[in-house]
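Hi,

Here is the structure I promised to pass on. Have a look at it first, and then read on for my notes.

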Amino acid sequence: MAFSGTGKVWMNGKLVDWANATMHVAAHVIHYGSGVFEGARCYSTSKGSACFRLDAHMRRLYDSARIYRMEYAVGQDEMTTAVLDTIKANGLPACYIRPLIYRGYNALGVNPLPCPVDGLILVWEWGAYLGADALEHGVDVRVSSWTRSAPNTFPAMAKSVANYANSGLIKMEAVVEGYSEGIALNPGGMLSEGSGQNLFLVRDHVLYTPTMSSSILPGITRDSVMTLARDLGFEVREVQLPREMLYIADEVFFVGTAAEITPIRSVDKVTIGSGKRGPVTAALQQAFFDYINGAVEDRHGWLTYVDVPVTAR
């Protein structure tokens with residue numbers, strides 16, 4: 001999504017103008033990808049602006065930083081408050097939220113430890129990630145020729161800037177060949193995830209999703225969908241899944257903060273089910289959007305309301 005180029009960015013405890021939110025060209029993160037980040041959303045609901053599962057996102061951010069030995073001077077609770085303050089300062093009743101903890105400017109070498117640990121928070125308006133009609137009509141995807149990383153190479157559990165070089169290759173390959181997205185396999189040839197989304201399959205009304213050992217990021221939306229599916233009475237199985245399960249599934253869909261719940265209508269030009277959004281996907285979408293829009297009780301404590309001042313909009 002395009003940026004507006006205006007508004008405020010939080011950087012190490014200060015709100016600065018968008019144009020002044022800069023870092024040195026010798027910052028370690030630019031040269032070596034030494035940063036971790038999150039993607040969360042604030043939704044405009046009938047009860048006001050609400051961040052979806054902000055606590056879970058911020059916990060994962062600090063888990064990622066811990067894995068990469070980045071100890072940031074600003075703690076998780078303070079950073080969470082900073083997210084809310086940044087949303088208020090920008091006057092956005094609905095927005096995408098991008099906190100980043102990264103290695104800044106000191107020395108250029110593979111060893112990141114001499115470099116300071118800095119942080120920033122961006123917020124901006126963001127619509128449907130895979131297109132306006134994708135949530136209803138679905139998308140066409142392919143199995144990527146690029147695989148996810150092998151265990152003990154890059155930590156898949158960390159949402160690291162460096163990991164997304166692999167995601168970019170998966171996405172670009174799909175786009176230049178006329179697809180909306182790619183699905184990666186893990187090093188053992190089993191299903192992993194999309195370039196930036198977790199994956200679900202439906203077969204005989206049972207939901208299947210790749211395990212944590214399948215080189216996946218443990219998605220917050222993935223966890224939410226499993227919870228909502230069980231609320232609706234569906235069985236959910238986390239298992240190792242072979243590629244061919246995609247072609248014989250009744251339904252396949254992506255989930256993620258950006259993608260939300262997006263149906264997949266074909267994989268490698270093989271039509272999935274009826275070639276349109278299936279009933280299980282539709283039921284989960286309804287449950288998910290009812291929840292994030294505040295139309296149902298916040299029974300899981302997933303919404304953090306933020307008072308966005310009208311004068312700031």
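Let me start with the charged pairs: a search of the whole structure turns up 13 salt bridges. Before going further, please keep in mind that this is a predicted model.

One of those salt bridges joins the side chains of E260 and R41, with 3.9 Å from N to O. E260 sits in strand β15 (residues 260-267) and R41 in strand β4, so this pair ties together parts of the chain that are 219 residues apart in sequence. Are these two side chains buried or exposed? E260 counts as buried, because its relative accessibility is 6%, and R41 is buried too, with a relative accessible area of 8%.

Another pair to look at is E193 with R148, whose side chains meet in a salt bridge at 3.1 Å, N to O. This one also links distant parts of the chain: E193 is in strand β10 (residues 191-194), while R148 is in the loop between β8 (139-143) and α5 (164-176), 45 residues apart. Both E193 and R148 are buried.

E235 and R237 also form a salt bridge, and their closest N and O atoms are 2.6 Å apart. Here the setting is partly exposed: E235 has 40% relative accessibility, and R237 has a relative accessible area of 33%. There is a network as well, in which salt bridges link R142, E173 and E177.

Now for the inside. The largest nonpolar core has 27 residues, and the ones with the most contacts inside it are Y72, M79, I87, I97 and I101. Which elements give two or more residues to this core? They are β4 (40-45), α2 (54-67), α3 (76-90), β6 (95-103) and β7 (117-124). Another core, of 22 residues, lies apart from it, and L207, L228, Y291 and W302 are among its members.

M79 is a good residue to click on if you want to explore the 27-residue core. Leaving aside neighbours within four places in sequence, M79 is in contact with W10, M58, L61, Y62, Y72, V74, P99, L100, I101, L120 and I121.

L185 is another one to click on. You will find L185 in strand β9 (residues 181-185), and it counts as buried, at 12% relative accessibility. Not counting residues up to four places away in sequence, L185 touches V143, W146, T147, R148, M190, L191, S192 and R243. So R148, the salt-bridge partner of E193, turns up again among the residues that L185 touches. The C-alpha atoms of L185 and I216 are separated by 9.9 Å, with their positions 31 residues apart along the chain.

Next, the cysteines. How many disulfides does the structure hold? Zero. A disulfide is a covalent bond between the sulfur atoms of two cysteines. The cysteine sulfur closest to that of C42 belongs to C51, and at 4.1 Å it is too far for a bond. For C95 the closest cysteine sulfur is the one in C42, and at 4.7 Å that is also too far for a bond. The cut-off used here is 2.5 Å between the two sulfur atoms. C42 counts as buried at 2% relative accessibility, and C95 counts as buried at 3%.

On the outside, Y32, L108 and V110 make a nonpolar surface patch of about 320 Å². Y32 belongs to helix α1 (residues 28-32), and with 39% relative accessibility it counts as partly exposed.

Last, two backbone oddities. R69 has a positive phi of about 55° although it is not a glycine. R69 lies in the loop between α2 and α3 and is exposed, with a relative accessible area of 69%. K269 is not a glycine either, yet it has a positive phi of about 65°. The place of K269 is in the loop between β15 and β16 (270-271), and this residue is exposed, with a relative accessible area of 70%.

Cheers

Key: Residues are numbered from 1 along each chain as its sequence is written. This is a predicted model: local features need pLDDT of at least 70, side-chain atom pairs count only at pLDDT 80 or more; totals for chains, interfaces and linings use all residues. Side-chain values use heavy atoms; hydrogens and water are left out. Patches are made of residues with over 30% relative accessible area and no salt bridge: like charges are joined within 9 Å, nonpolar side chains (Val, Leu, Ile, Met, Phe, Trp, Tyr) within 5 Å. Accessible areas come from the Shrake-Rupley method with a 1.4 Å probe; for residues, only the protein chains shown count as cover. A salt bridge is a side-chain nitrogen of Lys or Arg within 4 Å of a carboxyl oxygen of Asp or Glu. Helices (H or I, at least four residues) and strands (E, at least two) are DSSP runs, numbered from the N terminus. Buried means under 20% relative accessible area, exposed over 50%, partly exposed in between (1.4 Å probe, protein chains only). A nonpolar core is a set of buried Ala, Val, Leu, Ile, Met, Phe, Trp, Tyr and Cys residues joined through side-chain atoms within 4.5 Å. Contact means heavy atoms within 4.5 Å.
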